Amino acid sequence: MDPYKYRPSSAYNAPFYTTNGGTPVSNNISSLTIGERGPVLLEDYHLIEKVANFTRERIPERVVHARGISAKGFFEVTHDISNLTCADFLRAPGVQTPVIVRFSTVVHERASPETMRDIRGFAVKFYTREGNFDLVGNNTPVFFIRDGIQFPDVVHALKPNPKTNIQEYWRILDYMSHLPESLLTWCWMFDDVGIPQDYRHMEGFGVHTYTLVAKSGKVLFVKFHWKPTCGIKNLTDEEAKVVGGANHSHATKDLHDAISSGNYPEWKLFIQTMDPADEDKFDFDPLDVTKIWPEDILPLQPVGRLVLNRTIDNFFNETEQLAFNPGLVVPGIYYSDDKLLQCRIFAYGDTQRHRLGPNYLQLPVNAPKCAHHNNHHEGFMNFMHRDEEVNYFPSRLDPVRHAEKYPTTPIVCSGNREKCFIGKENNFKQPGERYRSWDSDRQERFVKRFVEALSEPRVTHEIRSIWISYWSQADKSLGQKLATRLNVRPNF
Ligand code: HEM
């Protein structure tokens, strides 16, 4: 059976038009009226059903990452890492696993242009033999905040002003002036990679630290990286205006056209690993999602390749109803204590119960492709056929038992209950290093974008000064450039 194919109900095959109830419809273009001219009768069941279906066609869009497109393909292991993890889908080179991937922008609405300066989502659902593994990442290796309790605020600041529905940098820079830890993510947002040419020419990152668990029980912290084989390409600010002006769906079209013509997009998967015993040896906290792990100390190791060779069969079923969740991991891969990741484990299923309904995991695109079994049932829009009579556990009459135990993280947690910041903030070193790694033209484009944003009339003198102070602590010359262009005398 084709594991990718979306299948409607098997009886959905009449050669003539019917109602949802299956009754033949002999006239689908005229309402039932009294006489030729009307009025229209309420007893026209088919008319009411047709219009009622239509008026309910839209479901809530995703609260973030509303604009996106998915495609299908496979992940293939190319390098043996079976000594690092007992994950079945990583068991040996050559093993292939079907995947669906959704690319997205974050801030704007479902039909917004794909040329916006914004982070891009890069979410991969692996349909493994041991359940679905969702690696729900971005095209930036870092994020603005460290703690999930700040996520609603960061999104409110980035989204349009609730009064005017206009995205405004005075609000964004006001909020983020409280977040010096956001600087490194700005080094992606306001860098050239802030507008990828399309979805094929961008990197992807798992962003968070996860844990690999080996058969032996040994654990390693891990970060995931996707590298496009066709290279990284971006649009300049000027090009973005032209491309987006001509076609607000250019990246969706690019992905569709590439796959349809057999030019299959491909990414290599790399990992960085760290022994948890070494976590205190760095000048940053390895679980801090605002930091990268330096590749000269923790090198990239190749693992496999992701190939997208199938376009979706239906946008609504396979993109709009697609539901990713960082909570979905498989034996051999576990979370870390990263506070942002921990909040995400809750947030996705919660929003999807609201967005798609409580049985969203039964939808073909979200359901595991492997055998699965539990007693979570009924609820709105349940369409799973079950004929068993024992729906409790355990039972002497039902042969279903607990699955075999698999190795999980042995890392012990202890401590007081507290609400606090992480110890090693180190907010300025990595942003400074990244800025200095660029050539002078790239630095200049970054400065120009920041000057423009800080020049919005409602950005106060205080906020400008704070940003200049932050960037000066990252790189003195950068702070000086900003101060000169903004005509602000630094007070530090
Ligand atoms: C989508 C919440 C942080 C990547 C979403 C959605 C929510 C959400 C509610 C919509 C999901 C849906 O309707 O199906 C959060 C919260 C976060 C957080 C509460 C922080 C605690 C992040 C981070 C990343 C990320 C750090 C990157 C690593 C994504 C992606 C999607 C998404 C790629 C789109 C998934 C898709 O294509 O359907 N997020 N998010 N999010 N988020 Fe997050």
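**Strand pairing, iron site and backbone features of the predicted model**

In the predicted model described here, strand 1 and strand 2 (residues 96–105) are paired in the antiparallel sense over 9 bridges, where two strands count as paired if DSSP finds at least two bridges between them. Helices (H or I, at least four residues) and strands (E, at least two) are DSSP runs, numbered from the N terminus. Because the model is predicted, local features need pLDDT of at least 70 and side-chain atom pairs count only at pLDDT 80 or more, whereas totals for chains, interfaces and linings use all residues. Residues are numbered from 1 along each chain as its sequence is written, and side-chain values use heavy atoms, with hydrogens and water left out.

Within the pairing of strand 1 with strand 2, glycine 73 stands opposite valine 99 of strand 2. Strand 1 is also joined by 7 bridges to strand 9 (residues 301–311), and these two strands run antiparallel; here alanine 71 has threonine 311 of strand 9 as its bridge partner. Strand 1, which covers residues 68–77, is mostly covered, with 10 of its 10 residues buried, where buried means under 20% relative accessible area, exposed means over 50%, and partly exposed lies in between (1.4 Å probe, protein chains only).

Strand 2 in turn pairs with strand 3 in the antiparallel sense over 7 bridges, and valine 101 stands opposite valine 124 of strand 3. Strand 3 (residues 120–128) is likewise mostly covered, since 9 of its 9 residues are buried. In a regular strand the side chains alternate between the two faces of the sheet. In strand 3, Arg120, Phe122, Val124, Phe126 and Thr128 point one way, while Gly121, Ala123, Lys125 and Tyr127 point the other way, and all are buried. A hairpin through 2 residues joins strand 3 to strand 4, and strand 3 pairs with strand 4 (residues 131–138) over 8 bridges in the antiparallel sense. The bridge partner of glycine 121 in strand 4 is asparagine 138.

The iron atom of the ligand has Tyr348 as its only protein donor, through OH at 1.8 Å. Donors are N, O and S atoms within 2.8 Å of the metal (3.2 Å for Na, K and Ca), and water is not among the atoms, so sites may look incomplete. Tyrosine 348 has its place in helix 8, which runs over residues 339–355.

Further along the chain, helix 9 (residues 429–437) has Gln430, Pro431, Gly432, Arg434 and Tyr435 as its buried residues. The cover over these buried residues includes helix 4 (183–189), helix 10 (440–454), helix 11 (461–474) and helix 12 (476–486), with contact meaning heavy atoms within 4.5 Å.

Several backbone features occur in segments outside the helices and strands. The peptide bond from glycine 38 to proline 39 is cis, with omega near 10°, and proline 39 is found in the segment before helix 1 (45–55). A cis peptide bond also joins phenylalanine 393 and proline 394, where omega is about 0°; proline 394 lies in the loop between helix 8 and helix 9. Histidine 65, in the loop between helix 1 and strand 1, has a phi near 60°, a positive value in a residue other than glycine, and counts as buried because its relative accessibility is 19%. Valine 207 has a phi near 70°, again a positive value in a residue other than glycine, and is found in the loop between strand 5 (204–205) and strand 6 (210–213). With a relative accessible area of 8%, valine 207 is buried.

At the level of the whole chain, the protein has 12 helices and 10 strands. For its 492 residues, a compact globule would have a radius of gyration near 23 Å, and the 26 Å of the protein agrees with this; the radius is taken over C-alpha atoms, and the globule rule is 2.2 Å times the number of residues to the power 0.38. The C-alpha trace spans about 80 × 65 × 50 Å along its principal axes, and buried residues make up 50% of the 492 residues. Of the contacts between residues at least 6 apart in sequence, 73% join residues at least 24 apart. UniProt, in an unreviewed entry, lists residues 18–401 as "domain: Catalase core", and such annotations may be inferred rather than shown by experiment. Over residues 18–401 the chain is 20% helix and 20% strand, with the end C-alpha atoms 44 Å apart.
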